[in-house]
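User: Hey, can you walk me through this one? I'd like to start with a single residue and work outwards.

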Amino acid sequence: MSEIVKYTVYFLLGGTIVSVSTYLGSQGKSFLAAFASTFPAITGATFILIYLNGGNEAIVSYAKNLLWFVPPWVAYVVTMILVVPQIGFWPAMIGSLVLYLGCVGTVKMVIR
């Protein structure tokens, strides 16, 4: 498979997931939207492609490092839940992203 075809497939897969999640969320189906957003299609596709290009060792290394991003992601989502009702979407989004990046930076320092 050529590089352009691979990246086109990645783009279409990611765009499809975002589109489905947005559609479901806008229709009031927040549970299904959340499911579509967190369904491991992107991670699964990444696993397959890393395996095809790097083998088992590359997959295990990627999966181990992927787990380090769970706590920052949880902090990001919980902050959105708690802060959006108080200060609105955009300030909460910016604050949550700053918190996420700060948590990722802390994780990076911890795993060095």
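User: So is Tyr-76 buried or exposed?
Analyst: Keep in mind that this is a predicted model. Tyr-76 counts as buried, because its relative accessibility is 19% and the cut-off for buried is under 20%.

User: Okay, and how many aromatic pairs are there in the whole structure?
Analyst: A search of the whole structure turns up four aromatic pairs. One of them involves Tyr-76 and Tyr-100: the ring centres are 6.2 Å apart and the planes sit at 70°, so this pair is edge-to-face.

User: Where do those two sit along the chain?
Analyst: Tyr-76 is in helix H4 (residues 70-87) and Tyr-100 is in helix H5, so to speak two distant parts of the chain, 24 residues apart, linked by the pair.

User: And how accessible is Tyr-100?
Analyst: Tyr-100 is partly exposed, at 22% relative accessible area.

User: New topic: how many salt bridges does the structure hold?
Analyst: Just one salt bridge. Lys-6 makes it with Glu-3, and their closest N and O atoms are 3.2 Å apart.

User: Which helix are they in?
Analyst: Both Lys-6 and Glu-3 lie in helix H1 (residues 3-26), three residues apart, which is about one turn of the helix.

User: What about burial for Lys-6?
Analyst: Lys-6 counts as buried at 11% relative accessibility, whereas Glu-3 is partly exposed with a relative accessible area of 46%.

User: Last one: where is Gly-105?
Analyst: Gly-105 lies in helix H5 (residues 89-111), and it is partly exposed at 31%. Its C-alpha atom is 22 Å from that of Ile-81, a residue 24 positions away along the chain.

How values were computed
Residues numbered from 1 in each chain as written. Predicted model: local features only at pLDDT ≥ 70, side-chain atom pairs only at ≥ 80, totals over all residues. Heavy atoms only, no water. Helix = DSSP H or I, 4+ residues; strand = E, 2+ residues; numbered from the N terminus. Buried < 20%, exposed > 50% of the residue type's maximum accessible area, 1.4 Å probe, protein only. Phe/Tyr/Trp six-rings, centres within 6.5 Å; stacked < 30°, edge-to-face > 60°. Salt bridge = Lys/Arg side-chain N within 4 Å of Asp/Glu carboxyl O.
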